[in-house]
Amino acid sequence: MHTPPFRSTTLLLSLALAAALPASAAGPSPFTPMLDATVEHHHLPGIAMAVVDNGQVVFTGTRGERRAGSGEPIDADTLFKIASNSKAMTAAVLARLVDRGLLAWDDPVTKYLPQFRMRDPWVTQHMQVRDLLIHNSGLGLGAGDLMLWPEPNAFTRTDIIAGLEHLKPVTSFRSGYAYDNLMYVVAGEVAAAAGGKPYDQLLREEVFSPLGMTRCQAGTWSVAKVGNVAQPHARRESGNVVVNADSDVAPDLTSMAAGGIRCSLRDMTRWMQVLLDPTRVPGWLSETQRRALWTAHMPMPLGERQRRWDNAHFSAYGYGWRLSDMDGQWKVAHTGTLSGMYSSLALLPDRKVGVVILINGEGEDARTVLMQAALKRYTAPTQRETVAGYTEQLQAERTQRRSTTHALPDTTARKPAAVAATAQWQGLYRDPWLGQARLCPENNTLRFSVDRSPTLRGTVMQLDSRWLVQWDTLGADAEPWLQVEPGTPPTLRLSAIDPDIDFSYDYQDLQFTRIGDCP
């Protein structure tokens, strides 16, 4: 699907906003050395950054390449995956529908999706639209994310909704915060049902078009035609290497409403400017709904680093946004994380200050330290901690964590599991929400694979008396232990080896039951 032509008023707005974004910072900027130091310390393939002050763009900077070694430079129009910064746009679509009277925040989800089911029928009945956005479902951190990632996979949004019924809650409904992606997928489907159009079409009509975000993409689109698209990278011994590269056509991602949108630096700068100053697009969103998005709906834990770095006193989740205080100033922010792509956006609304960072490599620490250094220019200008200083603090934290409760087991003595010795456990297995898996011989090795998630394929290895799965394409940081539990029938369980594994590898939520023999 292609973006429809904009009306003339939108085109004029787009041109005006484009003129407001400089190709590069005019004159020396304190953000230039920050950006350069981040690239140097963190060996990034590419990065784009913009700063808005009092509603005006005061800095833009891009470094690196869209694809390492290609010679194709990143610029203000290069598309990046913004990952979970998509959630704020999904919330904005819903807020627009609320303004138009097409839904209400306290409507039950089943009003729009009668097939929606949670494990507890009472929760099914009482889950409201607002609950989909604030991570209070009672499910565990990242529950069911293996239906979304790693990509590509064969799960649909219909599968996501059907799978929710099989996910076991870890707390009672609305009793606490646990970050959740699946509910945002449901929220996108609620928007589609209420708006009478597919979610990606609503996104273009309600957000991209009226705000002049002309490069943003969602749904199915032609990578070859759109062009200027950053590719995700992983860091190897040889340097940054492209992983999960785009084909000529980008698919309609199941994760779209939770984390599947792509935008450019120029687009994200426009997004920040309108959020900070609604007079730029009068009437786009009512003041009531603007307040709703940035109201603290769900308390969040306040981390020790946030207390120390930000002098923070509260943390909460709004509709698609994290809310906190930083050195006495109100902060509205979010991050986005996908394999090989990282984003970060933070606003200081009372000062009309905003910072956005887009990275096409392994950039978790990079975005953290760069955002912190940039915001401190406004919240605590006399402190002036450097990017290098923040980087050292993160490394010290990680070393301390690894040396205590988060030590990583040594699995270097692994060897392929013996096929003959595992015959009684081999077979087809099924998990209620992830579907069918295989533990079967292949080319004299024991292989584990998930039918609907082709990236979850690997060789079963033995380490002393334990088994683990060595994935074919995923890194060692995603590897799980594999345990067979005797019974009639036997069951399989996975558990993370790395204590710091990304929470989207929710192996703990799986239980495979044997259903037949290997073909």
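**View 1. Arg 96, Arg 100 and Glu 206 join up in a network of salt bridges.** Keep in mind that this is a predicted model. Side chains of opposite charge can pair when their charged atoms come close. Searching the whole structure turns up 28 salt bridges, and a few more of them get their own views below.

**View 2. Helix H2 keeps its buried residues on one side.** Here we're looking at residues 31-42. Phe 31, Met 34, Leu 35, Thr 38 and His 42 are the buried ones. They cover an arc of only 95 degrees around the axis, so they sit on the same side of H2. Their cover includes strands E1, E2 and E5, plus helices H13 and H14. Right after H2 comes His 43, with a positive phi near 50 degrees.

**View 3. Arg 63 and Asp 36 meet in a salt bridge, 2.7 Å from N to O.** Arg 63 belongs to strand E2 and Asp 36 to helix H2, 27 residues apart. Arg 63 is partly exposed, at 26% relative accessible area, and Asp 36 is partly exposed too, at 33%.

**View 4. Asp 131 and Arg 174 form a salt bridge between two loops.** Asp 131 is in the loop between H4 and H5, and Arg 174 is in the one between H5 and H6, so the pair ties together parts 43 residues apart in sequence. Asp 131 is buried, at 1%, while Arg 174 is partly exposed, at 34%.

**View 5. Leu 510 is tucked into a loop between strands E22 and E23.** With a relative accessible area of 1%, Leu 510 counts as buried. Its contacts beyond four places in sequence include Leu 146, Trp 433 and Arg 493.

Terms used
Residues are numbered from 1 along each chain as its sequence is written. This is a predicted model: local features need pLDDT of at least 70, side-chain atom pairs count only at pLDDT 80 or more; totals for chains, interfaces and linings use all residues. Side-chain values use heavy atoms; hydrogens and water are left out. Helices (H or I, at least four residues) and strands (E, at least two) are DSSP runs, numbered from the N terminus. The expected span of a helix is 1.5 Å times one less than its number of residues. Buried means under 20% relative accessible area, exposed over 50%, partly exposed in between (1.4 Å probe, protein chains only). The arc is that of the directions from the helix axis to the C-beta atoms. Contact means heavy atoms within 4.5 Å. A salt bridge is a side-chain nitrogen of Lys or Arg within 4 Å of a carboxyl oxygen of Asp or Glu.
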